[in-house]
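Q: Please take me through one part of this model in detail, starting from a single face and working outwards to what surrounds it. I work with cut-offs every day, so please spell them out as you go.

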Amino acid sequence: MAKSQTRYLACIICGKKYAGCRSCDDATSYKAWRSLCDTPQHFQIYRIIQELNLNAITLSEAKEMLSRIGVYKKDIDSLLPSVKAILEPVFARKQKVKEPVKVPVEKPAEESADPEVLSFPIENEE
Ligand SMILES: [Zn+2]
């Protein structure tokens, strides 16, 4: 019992305490998510925040990435205040109502691809 090597770490995203993994701590060749976060999902959030801080992605890209890993506006309430502060603008972005929906001008190059097929009744009796 006394020899337990379990270290308790706080997730940098949600602040929850979790049992740290020693072998992950020892890993130097890569950044083990287990040494930062309690769940892989929270590590994904961490990566997204890093990208945001580096301006590598836009807010809407971040939002898309977050939704891909199942993180929505309601979820950020359970995260650390500092994390929430970063993610809030991502979700606060509202669709501008004023902006008219633009219909793309470009049309696919090939419209009715095979007009012959359309203009003649098909008689495929053999
Ligand atoms: Zn967490």
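A: Happily! Let's begin on the outside of helix 4, where the face turned away from the buried side carries the exposed residues Pro81, Ser82, Ala85, Glu88, Pro89 and Ala92. This is a predicted model, in which local features need pLDDT of at least 70 and side-chain atom pairs count only at pLDDT 80 or more, while totals for chains, interfaces and linings use all residues. Residues are numbered from 1 along each chain as its sequence is written.

A few terms will help here. Helices (H or I, at least four residues) and strands (E, at least two) are DSSP runs, numbered from the N terminus. A residue is buried if 20 or more other C-beta atoms lie within 10 Å of its own, exposed if 12 or fewer, and partly exposed in between, with C-beta atoms placed from the backbone.

Now turn helix 4 over. Its buried residues are Val83, Leu87 and Val90. Viewed down the axis, they fall within an arc of 30° (taken from the directions from the helix axis to the C-beta atoms), so they line one face of the helix. Helix 4 has 12 residues and reaches 16 Å from its first C-alpha to its last, close to the 16 Å expected at 1.5 Å a residue; that expected span is 1.5 Å times one less than the number of residues.

What sits over that buried face? Helix 2 and helix 3 are among the parts that cover the buried residues of helix 4. Contact here means that the C-beta atoms of two residues, placed from the backbone, lie within 7 Å.

Helix 3 comes next. Its buried residues are Ala62, Lys63 and Leu66. They cover an arc of only 100° around the axis, which puts them on the same side of helix 3. Ser60 and Arg68, on the other side of helix 3, are exposed. The cover over the buried residues of helix 3 includes helix 2 and helix 4. Just after helix 3 comes glycine 70, with a positive phi of about 85°.

Helix 2 completes this trio. It has 14 residues and reaches 20 Å from its first C-alpha to its last, close to the 20 Å expected at 1.5 Å a residue. Buried in helix 2 are His42, Phe43, Ile45 and Ile48, and helix 3 is part of what covers them. Helix 2 also holds glutamine 41, which is partly exposed because it has 17 other C-beta atoms within 10 Å. Leaving aside neighbours within four places in sequence, glutamine 41 is in contact with Ile69, Gly70 and Val71, so that glycine after helix 3 turns up again here.

After helix 2 comes asparagine 55, in the loop between helix 2 and helix 3. Its phi is near 60°, a positive value in a residue other than glycine. Most residues other than glycine have a negative phi. Asparagine 55 is exposed, with 7 other C-beta atoms within 10 Å.

Next, the nonpolar side of the picture. A nonpolar core is a set of buried Ala, Val, Leu, Ile, Met, Phe, Trp, Tyr and Cys residues joined through C-beta atoms within 7 Å. The largest one has 15 residues, and Ile13, Leu66 and Leu79 touch the most other members. Helix 2 (40–53), helix 3 (59–68) and helix 4 (81–92) are the elements that give two or more residues to this core. In soluble globular proteins, nonpolar side chains tend to be buried together.

Ile13 deserves a closer look. Leaving aside neighbours within four places in sequence, isoleucine 13 is in contact with Cys37, His42, Ile45, Tyr46, Leu79, Leu80 and Val83. Among these, His42 and Ile45 are buried residues of helix 2, while Val83 is a buried residue of helix 4. The C-alpha atoms of isoleucine 13 and glutamine 41, 28 residues apart along the chain, are separated by 9.7 Å.

Finally, the strands. Strand 1 (residues 7–10) and strand 2 (residues 17–20) run antiparallel and are joined by 4 bridges; strands pair if DSSP finds at least two bridges between them. They form a hairpin with 6 residues between them, and glycine 15 in the turn has a positive phi of about 80°. Leucine 9 has tyrosine 18 as its bridge partner, and alanine 10 stands opposite lysine 17. From the N terminus on, the elements of the whole protein run β-β-α-α-α-α-α.
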